[in-house]
Amino acid sequence: MNVFVSEKNDETITLLPVTKDVLSGWLDDEGKDHKNWVEANQYKAASGSILMIPSDDKSIKILVGIDEDEPHWSWGGIVSKLPAGRYQLPDDMEDDEIEAAMLGWALGLYNFDAYKSKKNEKLVELVIPSDFEGSEIINIAKGIYLTRDLINTPAQDMGPAQLAKEAQKLAKDYKAKFSAIVGDDLLSENYPMIHAVGRAAAEGREPRLIKLTWGKKSDPAIALVGKGVCFDTGGLDLKGSQYMLTMKKDMGGAANILGLASMIMSNELNVHLTVLIPAVENAVSGDSYRPMDILTSRDGTTVEIGNTDAEGRLVLADAITEAVEDKPELLIDMATLTGAARVALGTDMPAVFCNDDEMVNSILNKSDTDSDPLWRMPLHAPYRKMLDNDNADISNISAGGYGGAITAALFLEHFVGTETPWAHIDLMAYNLSTKNGRPKGGEAQGIRALYAYLAEKYK
């Protein structure tokens, strides 16, 4: 990213981070003039706020309000408020503080303007100490940019074929192997549920299974699976129009998985990585799969369709079945799977289901330390009976309206089996409003925590 530089210029402005708790002490040290100035401007050091401080020598310093619990989002909130120019951090900042500033700076500069005739060309640069190694943070920010861009691109330009091209481009960038099984080849290669969900789409938007592999085969094998429903009408169980407005984000699981894969490869973790993305459009046509159809999955399980709008778990099931065939050391899937998870936890807090306590506790620890929220939900086995079915091995929806996020996770668990440590992330992948460093639109959720977990384990 070209917003980070190592040299000051004659007009470089110093940024002074302060929290609410230390502001008064800072003012006492600075003297009466600055104290009067701050009080006259009613500045309280709120997260992401700024206040320019004039000096006797006509230089300018800027106070930056920092939330100690989420410093990166505070930095992310100031970038849009600053005029174009070059800025520097105080000399006494610790490495973790510099990392937070860099990450927030990068994420605060994100702007999806691909479809705007007028681009935002304001250049706001941050001076980083020349001896500071910030490449990992930059690679993390690039992974988040990729995730946001993929989700924000409208479905007209981000169908299954375009999502495959983006995965292929990522594979080329890091010398990974790429393949895709497309259309009716899904039947001959035994991915019947991916085919069934996506077969109604128009020509050129055929369903496909995208596969990317990277790393040495001698390294520990890990598998990442992402739901790639590039647009979800609900199928024959058609969504209301208000619920379709954000359905370009229904490939948000795939976008987050590709962002996470980018972080893993760019920072060269010692893993043999497999990424699987079932990419489909859940469209409506004479070839749509129907309520009460019975599909046979890759592993032979028969599934009765209680609702065609519960399509994500179907395509994930075939991909997860392939993932566990290779016996990975761990498996992570991400999906915009259920509205029930959003009702339970809201839009900012993805739900994590996991069959391995050690794995999930490590992930949640990184979630806390990296301010990347996740919340564990239970794989409550007694609810499995809610998926029982008179006509097939399992139904794709529960018999009642309760516990929908849990029953969806239990459906996936059926295909994972009991031998593979597995985490399932049910996420929103979208900001409904703008917050510090997080513009309205597509969002990376949980992947900084997941990357930190994997980096600690495999770096």
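**Salt bridges and a helix crossing in a predicted model**

Trainee: In this predicted model, the side chains of aspartate 309 and lysine 239 meet in a salt bridge; what is the distance from N to O?

Mentor: The pair links distant parts of the chain, with aspartate 309 in the loop between strand E13 (302–304) and helix H11 (312–325) and lysine 239 in the loop between E10 and H9, 70 residues apart. Their side chains nevertheless meet, and the N to O distance is 3.0 Å.

Trainee: Is lysine 239 buried or exposed?

Mentor: A residue counts as buried when its relative accessible area is under 20%. Lysine 239 has 17% relative accessibility, so lysine 239 counts as buried.

Trainee: How many helical turns, about, separate lysine 169 and aspartate 173?

Mentor: The side chains of lysine 169 and aspartate 173 meet in a salt bridge of 3.6 Å, N to O. Both residues lie in helix H6 (residues 160–173), and because they are four residues apart there, their separation is about one helical turn.

Trainee: Which word describes how H1 and H2 lie to each other, oblique or parallel?

Mentor: The axes of helix H1 (residues 20–30) and helix H2 (residues 32–40) come within 6 Å and cross at roughly 140°. Only angles over 145 degrees count as roughly antiparallel, and H1 and H2 are therefore oblique.

Trainee: Leu236, Leu238 and Val284 form a nonpolar patch on the surface; is leucine 238 buried or exposed?

Mentor: Leucine 238 lies in the loop between strand E10 (228–232) and helix H9 (241–244). Exposed means over 50% relative accessible area, and because leucine 238 has 54% relative accessibility, it counts as exposed.

Terms used
Residues numbered from 1 in each chain as written. Predicted model: local features only at pLDDT ≥ 70, side-chain atom pairs only at ≥ 80, totals over all residues. Heavy atoms only, no water. Helix = DSSP H or I, 4+ residues; strand = E, 2+ residues; numbered from the N terminus. Buried < 20%, exposed > 50% of the residue type's maximum accessible area, 1.4 Å probe, protein only. Axes fitted to C-alpha atoms, helices over the stretch in contact; angles between N-to-C directions. Parallel < 35°, antiparallel > 145°, perpendicular 65-115°, else oblique. Salt bridge = Lys/Arg side-chain N within 4 Å of Asp/Glu carboxyl O.
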